[in-house]
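Biologist: I am new to this structure. Please set the scene, then take me closely through one helix and what surrounds it.

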Amino acid sequence: MSTVVIITSIVVAVMAVATALFIGRGRARGGHRMKKRFGLEYDRAVARHDGDTEAAERELGERVQRHGSLKEHPLPPEARERYVVLWARVQERFVDSPREAAAEADALLARLAEDRGFPGGERFEEQLDALSVHHAGQVHGYRRVHLAVRGEAGTEETREALVEARDLFDELVARRPDGSERRRHSPDGSHDGSHDGSYDNRGHAPRVRGRPDTKG
């Protein structure tokens, strides 16, 4: 074998290794970004694909392609007030009828998400996929409530699901489409740091007074 052939073979081998390393690093960076973006949803997808991270990332990437351009609709003030009242009723009802309260919360979140521009609740999986792209950190509770209503979850498990689902409710009811929070104007025209009258100073819907709160 000539020296030229040997050198050529070595160069080709080195390039192949370098290419493989480059691709591997690119996938690792992409996987890290995907995991950071989706959090628990990333872990669920990996588990659903029996540990196959590439398949899981492919699935999540397809979600982003389908729903990433979705623009959330603004929620009119009167609709916001109505949802806050309805959620307060859910919390009150939980004391005496946990399963019925969870069913109401499930339906309420489905309707609220649809009002914000997500797919309708009758297409739960598609709605959840779309929500996971824009509210990945909050969809787990909604899923838990949905499953609790349709399964054999006990009272405590249902309560925990409802507590988690509250996070998505707060996200959808208290935020503008651009992700900013609504603020009231003080008399001098400056922002006073509070939200519309139906929210506490963190933008959360009010707790039910005089009743055990499902938020912890």
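**A helix and its surroundings**

Modeller: The protein chain has eight helices and zero strands. Read from the N terminus, its elements run α-α-α-α-α-α-α-α. Keep in mind that this is a predicted model. The chain holds 216 residues, and 38% of them count as buried. Take the contacts in the chain with a separation of 6 or more: 61% of these join residues 24 or more positions apart. The chain exposes about 12300 Å², with carbon and sulfur atoms supplying 54% of that area.

Now to the helix I have picked, H7. Helix H7 covers residues 139-150, twelve in number. From first C-alpha to last, H7 reaches 17 Å, close to the 16 Å expected at 1.5 Å a residue. Its buried residues are Val139, Gly141, Tyr142, Arg143, Val145, His146 and Ala148. What covers them? The cover includes helix H2 (40-48), helix H5 (98-115), helix H6 (124-134) and helix H8 (155-174).

Start with the side facing H5. Asp106 is found in that helix. Asp106 counts as buried because its relative accessibility is 7%, under the 20% limit. Its side chain is joined to that of His146 by a polar contact of 3.1 Å. His146 is one of the buried residues of H7. Set aside the neighbours of Asp106 within four places in sequence. Asp106 is then in contact with Tyr142, Val145, His146, Val149 and Arg150.

Next, follow Tyr142 into the nonpolar interior. In soluble globular proteins, nonpolar side chains tend to be buried together. Here the largest nonpolar core has 32 residues. Trp87, Leu131, Tyr142, Phe169 and Val173 touch the most other members of that core. Helix H4 (77-94), H5, H6, H7 and H8 are the elements that give two or more residues to this core. Another core lies apart from it. That one has nine residues, among them Met34, Phe38, Tyr42 and Leu60.

Arg143, the residue after Tyr142, takes us to charged partners. A search of the whole structure finds 16 salt bridges. Arg143 belongs to a network of them, together with Glu41, Arg48, Glu59, Arg63, Arg66 and Asp129. Look at Arg63 in this network. Arg63 lies in helix H3 and is buried, because its relative accessible area is 2%. The side chains of Arg63 and Glu59 meet in a salt bridge, 3.0 Å from N to O. Both residues lie in helix H3, four residues apart, about one turn of the helix. Glu59 is also buried, at 18% relative accessibility. Beyond residues up to four places away in sequence, Arg63 touches Glu41, Arg48, Gly68, Asp129, Ser132 and Val133. Of these, Glu41, Arg48 and Asp129 are linked in the salt-bridge network as well.

Two of the covering helices take part in further salt bridges. Begin with H5. Glu104 forms a salt bridge with Arg93, and the closest N and O atoms are 2.0 Å apart. Glu104 lies in helix H5 and Arg93 in helix H4, so the pair ties together parts that are eleven residues apart in sequence. Glu104 is partly exposed, with a relative accessible area of 30%. Arg93 counts as partly exposed too, at 36% relative accessibility.

Now H8. The side chains of Arg166 and Asp170 meet in a salt bridge, 3.1 Å from N to O. They sit four residues apart in helix H8, so about one helical turn separates them. Both Arg166 and Asp170 are buried.

One last stop follows H2, another helix in the cover of H7. The loop between H2 and helix H3 (53-67) holds Asp50. Asp50 has a positive phi of about 55°, although it is not a glycine. Is Asp50 buried or exposed? Asp50 counts as exposed, because its relative accessibility is 74%, and the exposed class begins over 50%.

To return to H7: His146 meets Asp106 in a polar contact, Tyr142 is in the largest nonpolar core, and Arg143 is in the salt-bridge network.

Conventions: Residues are numbered from 1 along each chain as its sequence is written. This is a predicted model: local features need pLDDT of at least 70, side-chain atom pairs count only at pLDDT 80 or more; totals for chains, interfaces and linings use all residues. Side-chain values use heavy atoms; hydrogens and water are left out. The expected span of a helix is 1.5 Å times one less than its number of residues. Buried means under 20% relative accessible area, exposed over 50%, partly exposed in between (1.4 Å probe, protein chains only). Contact means heavy atoms within 4.5 Å. A polar contact is a pair of N or O atoms within 3.5 Å; within protein, one must be able to donate a hydrogen and the other to accept it, and residues adjacent in sequence count only if both atoms are side-chain atoms. A nonpolar core is a set of buried Ala, Val, Leu, Ile, Met, Phe, Trp, Tyr and Cys residues joined through side-chain atoms within 4.5 Å. Accessible areas come from the Shrake-Rupley method with a 1.4 Å probe; for residues, only the protein chains shown count as cover. A salt bridge is a side-chain nitrogen of Lys or Arg within 4 Å of a carboxyl oxygen of Asp or Glu.
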